[in-house]
Amino acid sequence: MGKFNHSVTEFILLGFTQDPVMQQMLFALFLIVYSVTVMGNITLIVLICTDSRLHTPMYFFIGNLSFLDLWYSTVYTPKIMVTCISEDKSISFAGCVAQFFFSCELAYSECFLLAAMAYDRYMAISKPLLYAQTMTPKICVGLVAASYLGAFTNCVIITHETFIMSFCGENVIDDFFCDLPPLVKLACDIKDSYQILLYFLLASNVITPIVFILASYLFIISAILRIRSTQGRLKAFSTCSSHLISVTLYYGSILYIYSRPSSSYSLERDKIVSTFYTVVFPMLNPMIYSLRNKDVKEALKKLFKISAS
C-alpha cells in the first residue's frame, strides 16, 4: 500500500440513482437477488460434494464455478445495498483497492475456469475413450489451481498499475463499485504503457480463453456431427449447452465493457452491463447448470427427501 497514490484517501460511489424511493426499491431488489445467489450456489456446491453421482470432472468444475460466483457476488452486492440505504456513500482508498483486486481475481479466474470446462467437454465428447485417463483428479485440481494462480498474478499487476496513477479533481466514482472504467476517468493522465497493459491483459485473460473455447467447440461440433443417430447428437449437445450459454453471457458482457479504448467509456450504459455480470450472472449460473440437468435434479430430490425424513 505504501507505493500507491495517496493524494486521494477515499472515493464516493454515486451508485444508480439519488432518488430515495428508487434507492429503497433497488435495495430490496438487490437483497432478493443476493439471497437467491447465495442459496443457489451453496445448494449446488452441497449437492456436488454430497452426491456420489456428481463426483465427476464436469461437476467438479461446476462446483468451483459456483464457489467463484458466490464470492463474486459477495464482493459487490453487500456494498451496493449499503450504498442504497446509507447517507455515507464513501469507500476508503484501501477498500477500493481491495474490492478492485478481489473482483479482478474472481473475474479472471472465471475466464480461465470456463476455458478449462470447455476442454473437459472436448475430451468427453471428442475423445470419450481417453476421457477417464486424461481428466484425472490431479489434472482437474491442476487446471483449477492454474486458473486461480494465473488470475492472481495478472490482478496484482493491474491493481498496482491502476492505483499508482494520480487521481485529480473530484474523488467521485460514477458507478456502484470500484471498476476500471470510472477509475480511469478520474486519472489525471493515462500513459500509453498503461493502455498497452490493459490490452495485453485483455488478450491474455479474455481473448486467449475465448479462442481456446471456440477451438474446443469446433472440435466438439465436428464430433457431434459424426454421431449417426439424432438422439445421440442431442444427448451429446445437451452436455455442453449449459456451458455454452454461460460462456456467451459472461464473455459477451466482459468484452463489451473492457475491449473498448478508455476514451469511449460510457459510464451510465456500462453500469447496466456491469450489473449483469457482477450481480445477475452469479444468480443465473446455478439455474443454467441445474434446470437442464437430470443428475442435479435427482440429487436435489434426494436432498429434499433426506431433509423431510
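Which helix supplies the largest share of the lining of the largest pocket?

This opening task is solved in Exercise 1. The structure is a predicted model, in which local features need pLDDT of at least 70 and side-chain atom pairs count only at pLDDT 80 or more, while totals for chains, interfaces and linings use all residues. Residues are numbered from 1 along each chain as its sequence is written, and side-chain values use heavy atoms, with hydrogens and water left out.

**Exercise 1. Describe the largest pocket and its lining.**

Step 1. Fix the terms. On a 1 Å grid over the protein atoms alone, a pocket is an open set of points with protein on both sides within 12 Å along at least five of seven lines, a cavity is a set where a 1.4 Å probe fits but cannot get out, and lining residues have an atom within 4 Å of a point. Grid points are joined across faces, edges and corners, and a volume is the space filled by probe spheres set on the points.

Step 2. Give the volume and the centre. The largest pocket has a volume of about 450 Å³. Its lining has 20 residues, of which Met58, Tyr59, Thr239, Asn293 and Asp295 are the closest to the centre.

Step 3. Assign the lining to helices. A helix is a DSSP run of H or I with at least four residues, numbered from the N terminus. At least two lining residues come from each of H2, H3 (93-126), H8 (230-258) and H10 (294-308). The largest share, six residues, belongs to H8.

Step 4. Sort by class. Ala, Val, Leu, Ile, Met, Phe, Trp, Tyr, Cys and Pro count as nonpolar, Asp, Glu, Lys and Arg as charged, and the others, Gly among them, as polar. The lining of the largest pocket then divides into seven nonpolar, seven polar and six charged residues.

**Exercise 2. Count the cavities and describe the second largest.**

Step 1. Count. There are two cavities of 30 Å³ or more.

Step 2. Give the volume and lining. The second largest cavity has a volume of about 70 Å³. Its lining includes Leu14, Phe16, Gln23, Leu26, Ile80, Cys84 and Phe176.

Step 3. Assign and sort. H1 and H2 each supply at least two residues of this lining, and H2 has the largest share, with three. By class, the lining of the second largest cavity holds six nonpolar residues, four polar and one charged.

**Exercise 3. Compare the spans of H1 and H3 with their expected values.**

Step 1. State the rule. The expected span of a helix is 1.5 Å times one less than its number of residues.

Step 2. Apply it to H1. This helix has 31 residues and reaches 45 Å from its first C-alpha to its last, close to the expected 45 Å.

Step 3. Apply it to H3. Its 34 residues should span 50 Å, and the end C-alpha atoms are 49 Å apart, which agrees.

Step 4. Look at burial, where buried means under 20% relative accessible area, exposed over 50% and partly exposed in between (1.4 Å probe, protein chains only). In H3, 27 of the 34 residues are buried. The buried residues of H1 include Gln23, Leu26, Phe30, Leu44 and Leu47.

Step 5. Check the start of H1. Asp19 caps the N-terminal end, with a side-chain oxygen 3.2 Å from the backbone nitrogen of Val21.

**Exercise 4. Describe the surroundings of Asp51, Ala299 and Ser66.**

Step 1. Place Asp51. This residue is in the loop between H1 (20-50) and H2 (57-85). Asp51 counts as buried because its relative accessibility is 4%.

Step 2. List its partners. A polar atom of the Asp51 side chain lies 2.9 Å from the backbone nitrogen of Arg53. Contact means heavy atoms within 4.5 Å. Not counting residues up to four places away in sequence, Asp51 touches Ala299 and Lys302.

Step 3. Turn to Ala299. It lies in H10 and, at 3% relative accessibility, counts as buried. Beyond its neighbours within four places in sequence, Ala299 is in contact with Leu47, Asp51, Arg53 and Leu54.

Step 4. Turn to Ser66. This residue is in H2 and counts as buried because its relative accessibility is 3%. Leaving out residues up to four places away in sequence, Ser66 touches Asn41, Leu44 and Ile45.

**Exercise 5. Is Gly150 buried, partly exposed or exposed?**

Step 1. Place the residue. Gly150 is in H5 (residues 137-163).

Step 2. Read the value. With a relative accessible area of 22%, Gly150 is partly exposed.

Conventions: Polar contact = N/O pair within 3.5 Å; in protein donor to acceptor, adjacent residues only side chain to side chain.
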